[in-house]
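Colleague: Let's go through this one together. Please start with the rings, then move on to the helices and the core.

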Amino acid sequence: DDAVRARDVPERLQLRNRRLAELRGRGRPATAPAQLSLEEDADKLRWVVRQLTEVEKLVDPSVDLPDQVAYVLKAFATIEVPFIHQHRRDYTHALPRPVLWRIYDLEEEWEKLAVVGRVA
């Protein structure tokens, strides 16, 4: 209990992070870490940005969009969309809340597709 309190991560995020770690562990050797490699992180970032700009056309491509999305993806380990939207606007350049939620959903979708090898 003390370890959970010390981390101070919302329960909803703890459950999501556990689910993502389980997805990352599938299809890998038992000794492989559940963390993503730098290359896999870069692939995920490119895929999410492409989904937002080309496929769903939710945001206009901009020079710093990949940096904003990278920050948001990294932040999801410990904080939720409402907190990012309200208190981290300096890093996300006030991405609209629906876009932040879509990034949240796309991260999980990417993990599921990566398990079956269908990430394009």
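Modeller: Bear in mind that this is a predicted model. Ring pairs join Phe76, Trp101 and Tyr104 into a cluster.

Colleague: How many aromatic pairs does the structure hold?

Modeller: A pair of aromatic rings is described by the distance of the centres and the angle of the planes. Centres must lie within 6.5 Å to pair. The number of aromatic pairs in the structure is three.

Colleague: Which parts does the pair of Tyr71 and Tyr91 tie together?

Modeller: These two rings are stacked, 4.6 Å centre to centre with 20° between the planes. The parts they tie together are 20 residues apart in sequence, because Tyr71 lies in helix α4 and Tyr91 in helix α6 (residues 89-92). So the answer is α4 and α6.

Colleague: Is Tyr91 buried, partly exposed or exposed?

Modeller: Exposed needs over 50% relative accessible area, and buried needs under 20%. Tyr91 has 46% relative accessibility, so it counts as partly exposed.

Colleague: What kind of pair do Trp101 and Tyr104 form?

Modeller: Both lie in helix α7 (residues 97-116), three residues apart, about one turn of the helix. Their ring centres are 5.3 Å apart. Planes over 60 degrees apart count as edge-to-face. Theirs are at 80°, so the pair is edge-to-face.

Colleague: Which of these two is buried, Trp101 or Tyr104?

Modeller: The cut-off for buried is under 20% relative accessible area. Trp101 has 31% relative accessibility, so it counts as partly exposed. At 10%, the buried residue is Tyr104.

Colleague: Where on helix α4 do its buried residues fall?

Modeller: The buried residues of α4 (residues 65-75) are Leu65, Gln68, Val69, Val72, Leu73 and Ala75. Seen down the helix axis, they fall within an arc of 165°, so they line one face of α4. Asp67 and Lys74 are exposed on the other side. The buried set therefore sits on one face of the helix.

Colleague: Which helix gives the most to the largest nonpolar core?

Modeller: That core has 23 residues, and those with the most contacts inside it include Val48, Val69, Phe76 and Leu95. At least two residues each come from α3 (38-55), α4, α5 (81-87) and α7. With six residues, the helix that gives the most is α7.

Colleague: Which residues does Leu95 touch, leaving out those up to four places away in sequence?

Modeller: Leu95 is among the core residues with the most contacts inside the core. Beyond four places in sequence, Leu95 touches Val59, Leu65, Gln68, His85, Leu100 and Ile103.

Methods: Residues are numbered from 1 along each chain as its sequence is written. This is a predicted model: local features need pLDDT of at least 70, side-chain atom pairs count only at pLDDT 80 or more; totals for chains, interfaces and linings use all residues. Side-chain values use heavy atoms; hydrogens and water are left out. Buried means under 20% relative accessible area, exposed over 50%, partly exposed in between (1.4 Å probe, protein chains only). Helices (H or I, at least four residues) and strands (E, at least two) are DSSP runs, numbered from the N terminus. The arc is that of the directions from the helix axis to the C-beta atoms. Rings of Phe, Tyr and Trp (its six-membered ring) pair if their centres lie within 6.5 Å; planes under 30 degrees apart count as stacked, over 60 as edge-to-face and the rest as tilted. A nonpolar core is a set of buried Ala, Val, Leu, Ile, Met, Phe, Trp, Tyr and Cys residues joined through side-chain atoms within 4.5 Å. Contact means heavy atoms within 4.5 Å.
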